[in-house]
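Here are my notes on the model you asked me to look over, set out as numbered points. They begin with single positions and move on to the chain as a whole.

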Amino acid sequence: LNKTVIIIENVKASNFKGVKTQALLLCAETPAGKRVIFLPDGTPPGAKIVPNGATSGKKKLASKDFKTYPMVIDGGGKILFKTRALESGTKGFKFPALDAEFRKAKVVI
């Protein structure tokens with residue numbers, strides 16, 4: 001597909017449907033169904049994305065954290081985690097707003 005996706009890599013190892021995983025692929029549940037969230041062309045490979053005000057530390061998140069604090073996409077196209085917008089943690093890269101098809105959608109993993 002030659003597209004850029006969002007992978008959450010700082011998750012504690014767990015079994016997901018019988019498969020050991022240490023990362024999550026972000027998708028959105030839209031009126032059209034579940035869709036992978038693709039980032040715009042030009043997004044640098046390996047760009048760090050963190051909640052607003054957070055540092056890109058080494059803290060591992062448990063799968064239950066995503067049930068306790070579900071991620072949503074607001075009307076402006078920003079992904080929110082614990083009510084904080086995700087933003088770029090990579091110098092020189094600005095995390096873009098998502099396309100209109102994703103706005104006000106629930107993020108699923």
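1. Thr 43 touches Thr 4 and Phe 93, once residues up to four places away in sequence are set aside. The model is a predicted one, and in it Thr 43 sits in the loop between β8 (38-39) and β9 (49-51). Although Thr 43 belongs to a loop, its relative accessibility is 9%, and because buried means under 20%, Thr 43 counts as buried.

2. Glu 101 is also a loop residue, placed between β12 (84-88) and β13 (106-108), but at 37% relative accessibility Glu 101 counts as partly exposed. Its contacts, not counting residues up to four places away in sequence, are with Thr 30 and Arg 35. As a distance for orientation, the C-alpha atoms of Glu 101 and Ile 7 are 20 Å apart in space, and the two residues are 94 positions apart in sequence.

3. The loop between β11 (79-81) and β12 deserves a look at its backbone angles, and Lys 82 is found there. Lys 82 has a phi near 55°, which is a positive value in a residue other than glycine, and its relative accessibility of 36% makes it partly exposed. Thr 83 lies in the loop between β11 and β12 as well, and Thr 83 too has a positive phi, of about 65°, although it is not a glycine. With a relative accessible area of 73%, Thr 83 is exposed, since the cut-off for that class is over 50%.

4. Which residues have the most contacts inside the largest nonpolar core? They are Leu 26, Ile 37, Phe 66, Met 71, Ile 73 and Ile 79, in a core of 21 residues.

5. Ile 73 can be followed further, as it lies in strand β10, which covers residues 72-73, and it is buried, with a relative accessible area of 2%. Leaving aside neighbours within four places in sequence, Ile 73 is in contact with Ala 28, Ile 37, Leu 98, Phe 102 and Val 107, among others. The list of its contacts also includes the charged residues Lys 78, Arg 103 and Lys 104. Ala 28 is 45 residues from Ile 73 along the chain, and the C-alpha atoms of the two are separated by 8.3 Å.

6. As to the secondary structure, the protein chain has one helix and 13 strands. Read from the N terminus, the order of elements is β-β-β-β-β-β-β-β-β-α-β-β-β-β. Among contacts with a separation of 6 or more, 64% join residues that are 24 or more positions apart.

7. How does the radius of gyration stand against that of a compact globule, and what is its value? The protein chain has 14 Å, which agrees with the value near 13 Å that a compact globule of 109 residues would have. Along its principal axes the C-alpha trace spans about 35 × 35 × 30 Å, and 32% of the 109 residues count as buried.

8. On the surface, the protein chain exposes about 7400 Å², and carbon and sulfur atoms supply 53% of that area. The chain carries 20 positive and 8 negative side chains, and the centres of these two sets lie 8 Å apart.

Conventions:
Residues are numbered from 1 along each chain as its sequence is written. This is a predicted model: local features need pLDDT of at least 70, side-chain atom pairs count only at pLDDT 80 or more; totals for chains, interfaces and linings use all residues. Side-chain values use heavy atoms; hydrogens and water are left out. A nonpolar core is a set of buried Ala, Val, Leu, Ile, Met, Phe, Trp, Tyr and Cys residues joined through side-chain atoms within 4.5 Å. Buried means under 20% relative accessible area, exposed over 50%, partly exposed in between (1.4 Å probe, protein chains only). Contact means heavy atoms within 4.5 Å. Helices (H or I, at least four residues) and strands (E, at least two) are DSSP runs, numbered from the N terminus. The radius of gyration is taken over C-alpha atoms; the globule rule is 2.2 Å times the number of residues to the power 0.38. Accessible areas come from the Shrake-Rupley method with a 1.4 Å probe; for residues, only the protein chains shown count as cover. The place of a charge is taken as NZ of Lys, CZ of Arg, CG of Asp or CD of Glu.
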